[in-house]
Each structure stands twice: as C-alpha cells, then as structure tokens.
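Visitor: I am new to this structure and would be grateful for a close look at a single part of it. Please take one residue as the place to begin, and explain how the surrounding elements are arranged.

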Amino acid sequence: MYRHFFKRFLDILLSGCALIVLSPVLLIVAVLVRTKLGSPVIFCQERPGKDEKIFKMYKFRSMTDARDENGELLPDEVRLTKFGRALRSTSLDELPELWNIFKGDMSIVGPRPLLVKYLPRYNEEQHHRHDVMPGLTGWAQVNGRNALSWEDKFRLDVWYSEHVSFLLDVKVILLTVKCVLHHEGINGANSATMEEFRGVMEETIN
C-alpha cells in the first residue's frame, strides 16, 4: 500500500507544503542566480523517470556558459563558480525539483534521475533503478553521493527499488539532512562533479 499509494500521497503533500513554505527562499535564490550567473535562472534537462519514461527536470542554474575559442563549453570545474559551488553544497540548486515531485515526475526519495544518454549503457541489473520513481534524494545519496563509484551507486539504487518502505524513506530523509549540513559527498573523486558514466561493457567483455 505504501509503495503504490501512500508514497505518492506523501509526495504531493510534502512537496506542496515545501513549495509554499520555501517560496521566499526560491525567490531569493532565483534573484541571486540571475544576478551572478545570468539567464536562464532555471536549468531544464530531459531525464529518465519511472519505467525510463522521459521528463523535464528543473534545477537552479549553477554554472556559467563560458566557452573556448571554438565555441565549446569549458570543463565543469571552470564553469562552476564559487556561488555555484555554494548552491550545490547546500543543495539549494535542487529546490525547483519540488515542482517535479508535485506534478508526479519524481518522488521525495528514490534513485537520482541521471542523463538520458546513460540508458543504453546500463546492464540488465542497473536498469532496475527505474522500477521506481526517481527522487530528490536517495539511498545512494546518503551513502556517499558523488564520492561513490558508479557501480556502487547503481547497486544502492537497485537495492532501494527492491526495498521501498515508509521507514526506509524516513531514514533517507533524516540522513539527507545530516549530509547537507555536513556537505558530504558533493564532488566526484577526480572532478567538481560526478565523472561521466561510460557503462560496464568493458567489464562484461573481460
């Protein structure tokens, strides 16, 4: 009952209340992003949701559009400003995803929605991370976030999809607060953001 009914009910209730209560914060962050990073204020990108159905996910912009002489975007670590790092470290850039949750694209808790181009790179087990709604936070996020390897992250995502429960979601939410307060696992091991997922094809060949 929780997985198929109450979870969605709580998502609507909590995200709706959060959008109202946090509206002043959303407005302030939007003004700061517009002032420091320019337009657009909201970063919109297609992501795969439950059953790999594509939706548009919203976040506050945290990078500039700086490009090289050939018109190519500069690396993430160059475009990610001090202000952008502050947004990410406090997870304020994720607040617009509350709207995704309210309208049914996402859940409060679930595997994080990743890039559409990663879908063909998953092995059979990793595809099961899409058996549930993607989340604002998830089991992988409270167990290492971007400091985890892709394999560990997907293993945790699949485990969550097989063990969804009210108590587990409460635990994830409480641990998320702890992670945000301590700024844990924000960056990847070798970059300002998580390195690109290349797939596991090479491992399966060996």
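A close look, residue by residue

Guide: Let us begin with Phe9, which counts as partly exposed because its relative accessibility is 47%. The model is a predicted one, and the values that follow are computed from it. Phe9 belongs to helix α1, which covers residues 2-21. On the surface, Phe9 joins Met1, Phe5, Phe6, Leu13 and Leu14 in a nonpolar patch of about 640 Å².

Helix α1 also leads us to another element, since the buried residues of helix α6 pack against α1, as well as against β3 (107-109) and α7. Helix α6 runs from residue 150 to residue 162 and holds 13 residues. From its first C-alpha to its last it reaches 19 Å, close to the 18 Å expected at 1.5 Å a residue. Which residues of α6 are buried? They are Trp150, Lys153, Phe154, Leu156, Asp157, Val158, Tyr160 and Ser161.

Two of these buried residues, Trp150 and Phe154, take us to the aromatic pairs. The whole structure contains 11 such pairs. In one of them, the ring centres of Tyr118 and Trp150 lie 5.6 Å apart and the planes stand at 80°, so this pair is edge-to-face. Distant parts of the chain are linked in this way: Tyr118 sits in the loop between β3 and β4, Trp150 sits in helix α6, and the two are 32 residues apart. Tyr118 and Trp150 are both buried. A second pair joins Tyr122 to Phe154; with centres 5.2 Å apart and planes at 75°, these rings are also edge-to-face. Tyr122 lies in the loop between β3 and β4 while Phe154 lies in helix α6, so this pair ties together parts that are 32 residues apart in sequence. Tyr122 is buried because its relative accessibility is 6%, and Phe154 is buried because its relative accessible area is 2%. Through ring pairs, Tyr118, Tyr122, Trp150 and Phe154 are linked with Phe197 into a cluster.

Helix α6 also carries charged side chains. Arg155 and Asp152 meet in a salt bridge, at 3.5 Å from N to O. These two residues are 3 apart in helix α6, so about one helical turn separates them. In general, an α-helix has 3.6 residues a turn, so residues three or four places apart point the same way. Arg155 counts as partly exposed because its relative accessibility is 45%, and Asp152 is partly exposed because its relative accessible area is 30%.

From α6 we may turn to α7, one of the elements against which its buried residues pack. Helix α7 spans residues 166-182 and includes Lys178. Lys178 is partly exposed because its relative accessible area is 40%. Although 36 residues separate Lys178 from Val142 in sequence, their C-alpha atoms are 8.6 Å apart in space. Val142 is also among the residues touched by Thr137, together with Ile108, Val109, Gly110, Val172 and Thr176, when residues up to four places away in sequence are not counted. Thr137 lies in strand β4, residues 135-137, and is buried because its relative accessible area is 7%.

Salt bridges occur elsewhere too, and the count for the structure comes to 13. One of them joins Lys59 to Glu94, with the closest N and O atoms 3.7 Å apart. Lys59 is in strand β2, and Glu94 is in the loop between α4 (82-89) and α5 (97-102), so that pair links distant parts of the chain, 35 residues apart. Strand β2 itself covers residues 54-60. Both partners are buried; for Lys59 this is because the relative accessible area is 15%. Apart from residues up to four places away in sequence, Lys59 touches Val41, Ile42, Phe43, Asp93, Glu94, Pro96 and Glu97.

Another salt bridge connects Arg198 and Glu196, whose closest N and O atoms are 3.5 Å apart. Arg198 is exposed because its relative accessible area is 60%, whereas Glu196 counts as partly exposed because its relative accessibility is 27%. Finally, salt bridges that share partners join Lys59, Asp93, Glu94, Glu97 and Arg112 into one network.

Definitions and conventions: Residues numbered from 1 in each chain as written. Predicted model: local features only at pLDDT ≥ 70, side-chain atom pairs only at ≥ 80, totals over all residues. Heavy atoms only, no water. Helix = DSSP H or I, 4+ residues; strand = E, 2+ residues; numbered from the N terminus. Buried < 20%, exposed > 50% of the residue type's maximum accessible area, 1.4 Å probe, protein only. Patch = residues over 30% accessible without salt bridge, like charges linked within 9 Å, V, L, I, M, F, W, Y side chains within 5 Å. Areas by Shrake-Rupley, 256 points an atom, 1.4 Å probe, with all protein chains shown as cover. Salt bridge = Lys/Arg side-chain N within 4 Å of Asp/Glu carboxyl O. Expected span 1.5 Å × (residues − 1). Contact = heavy atoms within 4.5 Å. Phe/Tyr/Trp six-rings, centres within 6.5 Å; stacked < 30°, edge-to-face > 60°.
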